[in-house]
Structure formats: structure tokens, C-alpha cells
Number of protein chains: 2
Amino acid sequence: MSSTPVRVALLGAGTVGAAVARRLADRAEVFAGRVGAPLELTGIAVRDLGRPRDLSGVLPGLLTDDPGSLVDSADVVVEVMGGLQPARGLIERALAGGADVVTANKQLLAQHGVEIEALAEREGRSVAYEAAVVAAVPVMRTVRDALAGDEIRSISGIVNGSTNYVLDMVARLGVPFQDAVQQAGDRGYLEADPTEDLEGLDAAAKIVLLARAAWGVQVGMEDVQREGITGLTDADFEEARGTGQVIKLIASAWCSGPAADRRVEVAVRPTLVGAEHPFGLTREGTNLVIIDAESAGTLRLSGAGAGGDETASAVLGDLVNLARARVRAREAD
Amino acid sequence: MSSTPVRVALLGAGTVGAAVARRLADRAEVFAGRVGAPLELTGIAVRDLGRPRDLSGVLPGLLTDDPGSLVDSADVVVEVMGGLQPARGLIERALAGGADVVTANKQLLAQHGVEIEALAEREGRSVAYEAAVVAAVPVMRTVRDALAGDEIRSISGIVNGSTNYVLDMVARLGVPFQDAVQQAGDRGYLEADPTEDLEGLDAAAKIVLLARAAWGVQVGMEDVQREGITGLTDADFEEARGTGQVIKLIASAWCSGPAADRRVEVAVRPTLVGAEHPFGLTREGTNLVIIDAESAGTLRLSGAGAGGDETASAVLGDLVNLARARVRAREAD
């Protein structure tokens with residue numbers, strides 16, 4: 001066990017950031033054991049220092065409104081503030097300064113992930129973002145690492161819990177579609193801007209990240225053949241029911257053509273699936289990703305695809321792995 | 001891209017070893033791209049040089065019956081020969097000599113994995129063994145890495161495809177139990193020594209490896225509360241059917257007590273599950289592992305848990321990751 005800590009800067013103290021900070025405080029000893037050195041939370045950057053937050057157990061003096069200085073002194077920067085800027089600038093500053101980065105920011109990665117990963121590569125640093133794609137369900141790790149010796153043929157999934165909740169209420173409980181959307185909003189299951197979920201933008205960002213990791217191609221949001229669920233009517237659900245099927249919002253990516261001239265297609269659309277198919281059986285806010293690979297065959301991964309604690313689990317998993325690698329590299333020197 | 005290759009020694013050319021060798025030959029360029037340097041297969045150690053093998057595309061000159069010299073000159077040693085010795089000695093020689101190791105040898109790891117991992121730790125090297133536990137279904141990686149920032153509460157799974165095939169034939173097709181065992185043997189679904197599968201030894205080894213990775217405890221084969229399926233009778237299946245349930249061979253591990261005085265229990269036994277439960281719906285040779293963690297909630301991972309290509313996928317995934325880390329460490333020097 002090294003006594004030199006790994007310095008962790010946290011950017012953002014919303015639901016996920018607060019959960020990460022509390023766990024780091026509660027479980028300092030456990031994390032030190034797993035990493036091989038203490039994880040020292042050096043600060044939590046927030047926009048508004050005065051806003052009330054659930055940070056029980058976390059030292060109040062850690063809050064700061066100066067993210068830049070925090071980033072400059074960190075070994076690992078955890079970005080859970082969301083939005084394009086200042087998140088992007090801070091991540092780039094972190095990488096250029098020799099820090100590794102953990103982020104849950106799927107829209108930033110979908111739009112600028114290629115440049116961010118190229119910068120990390122040049123700097124010899126890592127960017128980890130399991131949390132950006134269906135929270136703690138380890139799909140990024142499976143596509144990037146577990147299947148690194150295989151050829152992925154296709155990825156398809158229910159990757160947005162809010163729309164699945166709506167579609168499941170209509171299909172199983174017979175709630176009229178518009179009422180189901182209303183209820184999901186009332187219960188806080190939809191994003192502040194519900195079009196993110198309902199128009200498939202959230203799902204599109206996730207499938208873009210998975211496709212890039214699977215095939216190393218530069219697909220972007222503009223390449224997604226995208227159709228949300230807002231155009232659906234009760235008649236569509238009625239028709240599905242009549243044929244033993246249900247409507248699910250399926251995000252998919254598949255690869256066609258030879259390796260030398262590979263085409264990757266990416267789509268998000270409402271899709272009819274058999275009620276007994278694993279997609280059909282996926283209830284409420286659960287997410288399910290099905291990966292088909294040449295040698296591994298069909299792998300299925302499911303779990304909660306959202307939530308503060310679930311997302312914090314993925315963030316902390318990435319953090320422990322990056323910190324462990326840093327400690328190991330330090331010891332090898 | 002570095003031009004200095006990563007030197008790979010392959011121990012064993014059975015179903016898995018031959019599949020690994022063929023992929024390394026077929027896809028040399030793809031692997032070089034992913035690793036950042038060529039993967040050079042320096043040799044394949046076999047017991048009997050004269051035995052016919054399916055090694056199309058692999059240079060015949062690579063075969064050798066001198067595993068020791070091969071190991072001594074390798075950066076990564078891939079052990080897929082099975083058995084306790086000489087596998088153990090060769091793995092220890094590899095680690096002591098500065099190589100990383102990939103192995104699919106679950107019985108060796110279940111019996112001597114603690115010492116092997118301790119040696120790797122002392123030498124600053126890695127032992128990866130995703131392939132030892134349900135082939136390409138990425139359960140080891142999930143328990144070791146993805147959930148490294150979480151607290152796992154329990155793991156349970158259908159982790160032996162052969163027994164699941166037997167149980168599924170009885171439950172769904174009404175085949176008498178003894179006939180189903182016979183048919184599974186005839187079709188090559190059972191190990192050469194069928195007690196490995198039928199008495200739950202194979203499942204026990206897998207759950208031992210998962211429990212160690214989840215909680216860092218030194219459980220062994222002798223700690224497994226183990227009951228195979230050979231004691232089951234047609235009357236048991238009849239009774240299950242009458243209550244809408246099916247019998248599955250479930251391996252499980254759970255943690256009880258506070259962190260300071262943690263007790264881990266490990267069991268393999270025939271268990272009644274609802275026919276509509278995800279375990280009940282697991283057909284033929286499919287495996288399903290359910291992991292329950294404090295923050296991540298319930299994760300489910302499923303896929304084929306055996307097979308030469310499927311196991312090779314996991315072996316190659318580990319190989320690419322270890323090789324990538326070596327290339328990166330080399331560049332940082």
C-alpha cells in the first residue's frame with residue numbers, strides 16, 4: 001500500500017456528484033485497499049456555492065467555484081457536471097495537464113468524444129465513461145475491453161429507461177399513451193427537456209458511443225437514423241397487441257461490408273418485438289443491451305440504466321480502475 | 001504504432017488453443033491496430049507434436065514440445081492446456097520471468113489461484129482469466145473491474161451449460177431424466193469425466209473464482225456447499241411442474257456480516273425457480289449470472305457459457321488488454 005494518495009477532483013455535485021462524494025467519504029478505507037493508495041478528494045467544483053446539497057459526511061470546505069485550479073492539481077478528474085461547456089474545456093485541460101478523466105457526459109462525448117479521445121491518446125492518458133451509457137450495466141467495458149479480441153457484428157438495446165417506462169405502461173397496463181407520458185413526467189422519469197428522451201436523442205448518443213467503441217469508426221449524432229416515440233398513437237399499440245407484440249424504442253448499430261470498406265449504420269426507432277422476446281420482457285425502467293459477436297455469440301446485459309446511485313457506481317468503478325493503473329505505473333517507475 | 005512486437009506464447013492446442021492460434025494468424029492486422037503493436041505468436045507448446053490438429057493458416061514450425069523455453073522468451077503467456085501440472089509450474093515461471101498470463105484453467109485457479117495471484121502481485125504482473133468463468137460472458141470483468149467502486153451483495157447463476165441442457169430437456173420437452181443425461185453425453189455436451197458437470201464441480205470452481213474477486217476472500221472448493229443433479233428423480237421434476245416451477249442448478253455466493261467480520265457463503269445446488277423467472281427462462285446451454293450490488297442494483301449477464309470459439313473470444317479479449325497495457329507502459333518509459 002502506497003501512502004501517496006491519488007488526488008481526485010470532482011466537477012459537479014448534482015445527484016450523481018453528491019453520491020460519488022458521499023461514497024468516497026464513507027468508504028475511504030475500502031477504496032484505498034482496492035486502489036493500493038488512498039483516494040483523496042481534493043475538491044468539488046460547483047457553480048453556486050450557496051445552493052443546498054446532500055453531502056453528508058463530506059467536508060464542506062471541499063466545495064469550490066474555481067474548477068480550473070482544482071483540475072490542475074488532480075491525478076484523476078471526475079466530470080459529472082454535464083453540458084458541453086465548461087465541461088469540455090475542463091476535460092481537455094485535465095488531459096493536457098497529465099490527469100486521467102472519468103465522465104458521465106454522453107452528449108459531450110457523442111458530439112466531441114473523438115477529439116477528446118484523440119487528445120487523451122496523444123497525452124498517454126485515459127478517458128473512461130462507462131457511466132455515460134446505461135449507468136452501471138457494463139456495456140462500454142464489454143464492447144471496448146471484453147470483446148477486444150472478437151469481431152462485433154451488431155449491438156441493439158433498450159437504452160432509455162424513461163421511454164421504456166412509458167411504453168411498458170401502455171403495453172402492460174393499458175394506460176393511454178398520452179397519459180403515460182404525462183405520468184412519467186410527473187414522476188420525474190423524464191429529463192428536464194423531455195424531448196431528449198421522447199425523440200430518442202438520449203438513446204442516439206448512447207448508440208453512437210457504443211458504435212465508435214465497437215468498430216473504431218467516426219459516427220456522429222447526424223448519422224443516426226432517428227425516430228422518437230412522440231408520433232405513436234393508441235392505434236399503433238392496439239395493433240401490436242393484436243399480434244402478440246409490443247412496441248419498444250430500440251437503438252441499434254450494425255456493421256456491413258468488408259473490413260477494408262466497412263459501413264456502420266446506427267438507428268433509434270420504435271420497433272415491434274414479440275412479447276416473449278427478451279426485449280419484450282424488459283419492464284419499466286430496465287435497460288437491456290444485446291451484443292452479437294463472431295466468436296462470443298450473443299451476449300445480453302441488463303439492469304437499471306439510470307439513477308444517481310447506479311450512475312455513481314459506474315463512475316466509481318472507472319475511478320478505481322484508473323487510480324489503480326496510476327498507482328501501478330508509479331510503482332513500476 | 002510500435003514496431004516492436006508483443007511476444008505471445010501459447011500453451012496448448014486443443015479446441016480453444018487452436019481457435020486462438022487461428023484468430024491470431026487470420027487477424028494479425030486487426031490485433032496490431034488494437035494493441036498498438038504486432039502480436040507475435042512465438043510458439044505453441046503441445047505434448048505430442050505428431051497429433052493432427054486444425055491449425056489452418058498457422059505456421060507449422062510454431063509447434064514445440066518445450067514449453068519452458070517458450071515461456072521464458074514471452075511477454076504474454078496464454079495457458080489453455082488445462083490440468084494442474086505442468087500448467088501451474090509454467091504459469092509461475094512466466095510470472096517470475098516478467099510475463100503476464102492469460103488462462104482459462106478454472107480448476108487450477110480454484111485450487112491455487114490465491115498463490116498465483118499473490119505471485120503476480122509481487123512481480124507486478126497480471127493474471128487474467130475471463131475465459132475460466134462462463135467463457136465470453138464478461139462476468140469476471142464485471143465483478144473485478146466494473147463494480148470495483150461498488151459493494152457486491154450477492155452473485156447467483158446458471159454457470160454450467162451441460163447440466164442446464166439436461167434440466168431444460170426434462171422440464172420443457174418432458175424427456176425422462178436419465179435419458180436426458182444419456183443424450184447430453186452422446187452429443188458431447190458433458191465433460192470427458194461427467195461428474196465435473198453433474199456433481200457441480202465445474203460450477204463450484206466458477207463460483208469460487210467469482211466470490212474471491214467480489215470480496216477478496218480466500219474461499220476454496222472445500223467451502224462450497226455442493227449438491228449436484230445426479231440425485232434428482234423424475235418425481236422431483238413432476239412436482240416442480242405441478243407448481244409452475246422448474247429445477248435449475250444454481251451456483252451462488254453471498255456476503256453476510258459487517259465488513260470487519262465478513263462471512264462469505266458459497267453454494268451449488270439444484271433449486272426450484274419460477275418458470276417465468278430469468279433463471280427459469282434460461283434455455284439449453286445458455287448461462288445467466290445475476291449480480292446484486294448496493295449501488296448498481298441488479299445486473300444480469302447472459303450468453304453461451306462454453307464452446308471453443310466462445311472461450312477463445314474471452315482469451316483473446318484478455319490477451320489484447322494485457323498486450324495493450326504493456327505497449328502503453330513501454331511507451332511511457
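Mentor: A residue is buried if 20 or more other C-beta atoms lie within 10 Å of its own, and exposed if 12 or fewer do. Keep in mind that this is a predicted model.

Trainee: OK, let's try that on helix α6(B). Which residues of α6(B) are buried?

Mentor: Val139(B), Met140(B), Arg141(B), Thr142(B), Val143(B), Asp145(B) and Ala146(B). That is seven of the eight residues in the helix, and α6(B) is mostly covered.

Trainee: What covers the buried residues of α6(B)?

Mentor: Both chains chip in. From chain A the cover includes α6 (139-146) and α12 (308-332), and from chain B it includes β7 (152-158), α10, β11 (286-293) and β12.

Trainee: Take α10(B), then. How do the axes of α6(B) and α10(B) cross?

Mentor: Helix α6 (residues 139-146) and helix α10 (residues 201-215) of chain B have axes that come within 8 Å and cross at roughly 15 degrees. Angles under 35 degrees count as roughly parallel, so α6(B) is called roughly parallel to α10(B). The crossing itself is left-handed.

Trainee: Which residues in α6(B) and α10(B) meet?

Mentor: On the α6(B) side you have Val139(B), Met140(B), Val143(B) and Arg144(B); on the α10(B) side, Leu210(B), Ala213(B) and Ala214(B). By class, that contact has six nonpolar residues, one charged and no polar. Arg counts as charged, so Arg144(B), one of the residues that meet α10(B), is the charged one.

Trainee: Now a pair in chain A. What makes α7(A) oblique to α8(A)?

Mentor: Look at the angle. Helix α7 (residues 161-173) and helix α8 (residues 177-186) of chain A pack at about 140 degrees, with their axes 9 Å apart. Roughly antiparallel needs an angle over 145 and roughly perpendicular runs from 65 to 115, so this pair ends up as oblique. The crossing is right-handed.

Trainee: And how do the residues of the contact of α7(A) with α8(A) divide?

Mentor: Eight are nonpolar, one is polar and none is charged. The helix α7(A) brings Ser162(A), Tyr165(A), Val166(A), Met169(A) and Val170(A), while α8(A) brings Phe177(A), Ala180(A), Val181(A) and Ala184(A). Tyr counts as nonpolar and Ser as polar, so the polar residue here is Ser162(A).

Trainee: Back to burial, with loops this time. Does Val134(B) count as buried or exposed?

Mentor: Val134(B) has 32 C-beta neighbours inside 10 Å, and the cut-off is 20 or more, so it counts as buried. You'll find Val134(B) in the loop between β6 (127-128) and α6 of chain B. Its phi is near 45 degrees, a positive value in a residue other than glycine.

Trainee: What about Glu284(A): buried or exposed?

Mentor: Glu284(A) has 12 C-beta neighbours inside 10 Å, and 12 or fewer is the rule, so Glu284(A) counts as exposed. Glu284(A) is in the loop between β10 and β11 of chain A, and it too has a positive phi, of about 45 degrees, although it is not a glycine.

Trainee: Why is Ala275(A) called partly exposed?

Mentor: With 15 other C-beta atoms within 10 Å, Ala275(A) falls in between the two cut-offs, so it is partly exposed. Ala275(A) is in the loop between β10 (263-274) and β11 (286-293) of chain A. Leaving aside neighbours within four places in sequence, Ala275(A) is in contact with Gly244(A), Gln245(A), Val246(A) and Gly280(A).

Trainee: How do you know that β12 of chain A and β12(B) pair?

Mentor: Count the bridges. Two strands pair if there are at least two bridges between them, and this antiparallel pair has three. One partnership to look at is Ser302(A) with Arg300(B).

Trainee: How many residues does the contact take from chain B and chain A?

Mentor: It takes 37 from chain B and 37 from chain A. On the chain B side, α6, β12 (297-304) and α12 (308-332) each supply at least two residues, and α12(B) gives the most, with 12. That side divides into 17 nonpolar, 11 polar and nine charged residues.

Trainee: One last thing: which peptide bond is cis in chain B?

Mentor: The one from Gln85(B) to Pro86(B), with omega near 10 degrees. In chain A, a cis peptide bond joins Gln85(A) and Pro86(A), with omega about 10 degrees.

Terms used:
Residues numbered from 1 in each chain as written. Chains lettered and ligands numbered in written order. Predicted model: local features only at pLDDT ≥ 70, side-chain atom pairs only at ≥ 80, totals over all residues. Axes fitted to C-alpha atoms, helices over the stretch in contact; angles between N-to-C directions. Helix = DSSP H or I, 4+ residues; strand = E, 2+ residues; numbered from the N terminus. Left-handed = near helix turned anticlockwise from the far one by under 90°. Contact = placed C-beta atoms within 7 Å.
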